[in-house]
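Biologist: I am new to this structure and would like a close look at a single part of it. Could you take me through the helix you find best described, together with what surrounds it?

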Amino acid sequence: MEPFVLAFIAIGLLVVLVFIIYLVDRVNMIEKETRQFAQSLHDTKEPAAVGPFAGLSSKKLWDAMTGRVPEGVDPSVLAEVRERYETVLQKHIESIFQEAVKDGQRGMTGEPKNTKLITTLRGAVESWLPSAQVNTLYKCGVESTQLPADQLDAVRAALDEVGQTLYSKALLSLAQPLSVSLLPRPVADVPVLVPPAAP
């Protein structure tokens with residue numbers, strides 16, 4: 001009789017022990033899920049304005065720079081983004097032109113893309129530009145390799161116009177015409193001012 005009671009007690013203790021382990025495991029799992037849920041709630045409440053470009057990229061970044069302020073972005077943050085965006089715009093324009101120059105030198109033409117990944121000191125961002133201006137930039141790049149030097153004035157004028165259009169749309173001032181850096185005139189074409197001889 002005594003061994004039977006001892007066996008019964010041992011089985012009872014084993015069941016209680018398994019039940020306690022199960023409960024502890026279940027509590028840990030619930031705690032982990034609660035932590036993950038709380039973290040996801042915290043993440044969704046974080047403002048979208050993160051990083052050097054306020055979390056904006058591609059067409060959303062362009063729209064924000066051209067006056068269509070996205071919901072939830074502080075205008076003061078946008079002013080800081082605009083200062084950094086000038087580098088992005090400049091690099092995007094240059095990369096389209098240089099890509100076209102390479103294509104023109106190889107005797108081929110391609111279809112330029114609106115978006116490009118632009119690397120800055122503050123990190124990489126996807127930039128977007130309107131198709132009309134992208135196509136003009138690309139065409140200018142190709143023509144700069146195919147036309148004789150004395151016929152490049154029209155290409156320079158188109159470059160300057162597209163640069164002015166993009167910068168004014170982005171509410172930025174263009175320091176110098178695009179043709180000055182992208183398609184400079186040969187030194188022989190630049191007039192040299194000679195000071196008058198001393199009497």
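Modeller: Helices (H or I, at least four residues) and strands (E, at least two) are DSSP runs, numbered from the N terminus. The model is predicted, so that local features need pLDDT of at least 70 and side-chain atom pairs count only at pLDDT 80 or more, while totals for chains, interfaces and linings use all residues. Residues are numbered from 1 along each chain as its sequence is written, and side-chain values use heavy atoms, with hydrogens and water left out.

The part I have chosen is α5, which has 17 residues and reaches 24 Å from its first C-alpha to its last, close to the 24 Å expected at 1.5 Å a residue (the expected span being 1.5 Å times one less than the number of residues). Its buried residues are V155, R156, L159, V162, G163, L166 and Y167, where buried means under 20% relative accessible area, exposed over 50%, and partly exposed in between, with a 1.4 Å probe and protein chains only. Seen down the axis of α5, these buried residues fall within an arc of 130°, so they line one face of the helix; the arc is that of the directions from the helix axis to the C-beta atoms. The face turned away from this buried side carries the exposed residues A154 and E161.

Among what covers the buried residues of α5 are α2, α3, α4 (131-146) and α6. Helix α2 (residues 58-65) is itself mostly covered, with six of its eight residues buried, and its cover in turn includes α5 (153-169). In helix α6 one finds S179, which is buried, with a relative accessible area of 8%. Leaving aside its neighbours within four places in sequence, S179 is in contact with R156, L159, D160 and P184, contact meaning heavy atoms within 4.5 Å. Just after α5, L171 takes a positive phi of about 60°.

Y167 also leads to the largest pocket: a pocket is an open set of points on a 1 Å grid over the protein atoms alone, where a 1.4 Å probe fits, with protein on both sides within 12 Å along at least five of seven lines, and lining residues have an atom within 4 Å of a point. Of the 13 residues that line the largest pocket, the closest to its centre are Q90, Y167, L174, L178 and S181. The largest share of that lining, four residues, comes from α3.
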